[in-house]
Amino acid sequence: MPDSELPFEPYRTKVVERIPNPSREEREKALDRAHYNLFNLTSDEIRIDLLTDSGTGAMSDRQWAGLMVGDETYAGSRNFARFERVVRSMTGYPHVLPTHQGRAAENLLFSALCRPGDVVPNNMHFDTTQAHVLHQGAKPVNLAVPEAYDPNSDFPFKGNVDVAALEQVLRGPDPVPLVMVTITNNTGGGQPVSLANLREVARVARAHRTPLYLDMCRWAENAYLVREREPGQAGRTPLEIGRDFFDLADGATMSAKKDGLVNIGGFVATRDDGLAERLKELLILYEGFPTYGGLARRDLEALAIGLEEATEIDYLEHRIAQVRFLADRLDRAGVPYFRPPGGHGIYLDVNRFLPHLPPEELPGQALAVELYREGGVRTVEIGAIMFPLESVPGRRSIELVRLAIPRRTYSVSHLAYVADVIVRVYARREQIGGLEMTYRPERLPHFTARFRPKGATPPTAPHGP
Ligand code: F0G
């Protein structure tokens, strides 16, 4: 990418936060202390944090100003009214229930709809979505198109659902209380779902009288990629494209920590009047009164503003350009990643990065550990640890390390640094040893599992330049 095409930040800096610079020795100590689980690191131990794009972005001056007009009324706050107005006009869904984050919205929706023995199809469930389906005694199934499992395919809509497979699941014998589609498909590389595909999914779901819900946490990024890639969508705004998606579905859950541009927040929205009443009861039980739902009212004001900012074209252009900048640097060095670059990050293709490590040596985690060791860059494994193969029958393995880019947070220089770190690790990939798990929790293992180095090259030895 020539320099004239460097992503242009459509904002300037008003407040700064110092970036820590732990030494190699400090990073080694931190790894040891953290039991080689990067979730156990503290922010002072991290140089660039690409663990997640969830709740880690920067709010705008308008959002910060919004916090100051927080109306902390328990019931009937002005901030709720504005939030509700924005979500209704964006989605067209009349019932909007705020929650403290996405998984709380999932808990409400699945508690209201799922029974033991049910099957819940999705293109690909995210970890918490899958865990909440399982928590209800129901069975999550992933029905993404075959291209979604091929890291080398440049198919533009790897988030798409395999409609024939969905039809088969809907024919039974197990009951299907809802169909879910995740836009973009986070587990499968941040890949978009096309409008044409969602139309087909909606048609099939309707034919089987099954409600269709969107997991909409990265819907604006999905709309931007549809605008770029889908025939006939080029002249339309992300809002218009998004609205077509919402019109096809019966409702949605949202983690607003992504395309809501806030540090905490979420919601569940629906057209179904009866379901909305049940959701409201559960909301009061788990989260709080329906006009605040586990948040401060000022948070709802910031969220209402963030939802609108996330659909602005210059914002989305810059966001996607940052991901592509990183991809371009990796291309120059031949580093394998899941293609094409996604909406919110780059996912390294572990099987091609570390082909010498067998699955039982946890290559994804080993690579994430190595990126931290080399340059203090924190990433996350999305592979056999986050999604143990036995947890979802029929699930196929893709072994990835995700570099999720927080919104409006890091500069091009930061991303160039990250690319250098990856390229240095790639250059000495053959010396990277595996890991073994010393503690495995029953649910959502990646958050709290513990590991230790295994293999011929002791990973605690100093490496690199
Ligand atoms: N659905 C998707 C597709 C997600 O990516 C996430 C969170 C959730 C639901 C749950 O939302 O965290 O607000 O409870 N993803 C984060 C991530 C954690 O790192 O990708 P939450």
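## Reading the model

A residue is called buried at under 20% relative accessible area, exposed at over 50%, and partly exposed in between, using a 1.4 Å probe and protein chains only. What you have in front of you is a predicted model, where local features need pLDDT of at least 70, side-chain atom pairs count only at pLDDT 80 or more, and totals for chains, interfaces and linings use all residues. Residues are numbered from 1 along each chain as its sequence is written, and side-chain values use heavy atoms, with hydrogens and water left out.

Helices (H or I, at least four residues) and strands (E, at least two) are DSSP runs numbered from the N terminus.

## Two patches on the surface

Let's start on the outside. Patches are built from residues with over 30% relative accessible area and no salt bridge, joining like charges within 9 Å or nonpolar side chains (Val, Leu, Ile, Met, Phe, Trp, Tyr) within 5 Å. Tyr 74, Ile 284 and Phe 289 make up a nonpolar surface patch, and together they have about 300 Å² of accessible area (Shrake-Rupley method, 1.4 Å probe, only the protein chains shown counting as cover for residues). Tyr 74 sits in the loop between helix 2 (61–67) and helix 3 (78–91), and its relative accessibility of 51% makes it exposed.

A second patch is negative, and its members are Asp 250, Asp 272, Asp 273, Glu 277 and Glu 281. Here Asp and Glu count as negative, Lys and Arg as positive, and His and the chain ends are not counted; the charge is placed at CG of Asp, CD of Glu, NZ of Lys or CZ of Arg. One of these residues, Asp 273, belongs to helix 10 (residues 273–286) and is exposed, at 51% relative accessible area.

## Salt bridges across the sequence

Side chains of opposite charge can pair when their charged atoms come close. With a salt bridge taken as a side-chain nitrogen of Lys or Arg within 4 Å of a carboxyl oxygen of Asp or Glu, the whole structure has 31 of them. In one, Glu 72 pairs with Arg 298, and their closest N and O atoms are 3.5 Å apart. Glu 72 is in the loop between helix 2 and helix 3 while Arg 298 is in helix 11 (residues 297–309), so this pair ties together parts 226 residues apart in sequence. Glu 72 is partly exposed at 35% relative accessibility, and Arg 298 is partly exposed at 38%.

Another salt bridge connects Arg 324 and Glu 228, at 2.8 Å from N to O. Because Arg 324 lies in helix 12 (residues 313–333) and Glu 228 in helix 8 (residues 219–229), the pair ties together parts that are 96 residues apart in sequence. Arg 324 counts as partly exposed at 28%, as does Glu 228 at 39%.

## A buried charged pair

Where do Arg 373 and Glu 370 lie? They are both in helix 14 (residues 363–375), three residues apart, which is about one turn of the helix. Their salt bridge brings the closest N and O atoms to 2.9 Å. Arg 373 is buried, at 1% relative accessibility, and Glu 370 is buried as well, at 2%. Salt bridges with shared partners join these two with Arg 24, Glu 28, Glu 374, Arg 424 and Arg 428 in one network.

## A buried polar contact

Thr 182 is part of strand 5 (residues 179–182) and counts as buried, with 2% relative accessibility. Its side chain makes a 2.9 Å polar contact with the side chain of Asn 122. A polar contact is a pair of N or O atoms within 3.5 Å; within protein, one must be able to donate a hydrogen and the other to accept it, and residues adjacent in sequence count only if both atoms are side-chain atoms.

## Backbone oddities

Most residues other than glycine have a negative phi, and most peptide bonds are trans. Ile 183 and Thr 184 are joined by a cis peptide bond, with omega about -15 degrees; Thr 184 is in the loop between strand 5 and helix 7 (195–207). The bond from Arg 339 to Pro 340 is also cis, with omega near -15 degrees, and Pro 340 falls in the loop between helix 12 and strand 9 (345–349).

Which values does phi take at His 35 and Leu 362? For His 35, phi is positive, near 55 degrees; this residue is in the loop between helix 1 (24–33) and strand 1 (48–49) and is partly exposed at 35%. For Leu 362, phi is positive at about 50 degrees. Leu 362 is in the loop between helix 13 (350–353) and helix 14, and is buried at 13% relative accessible area.
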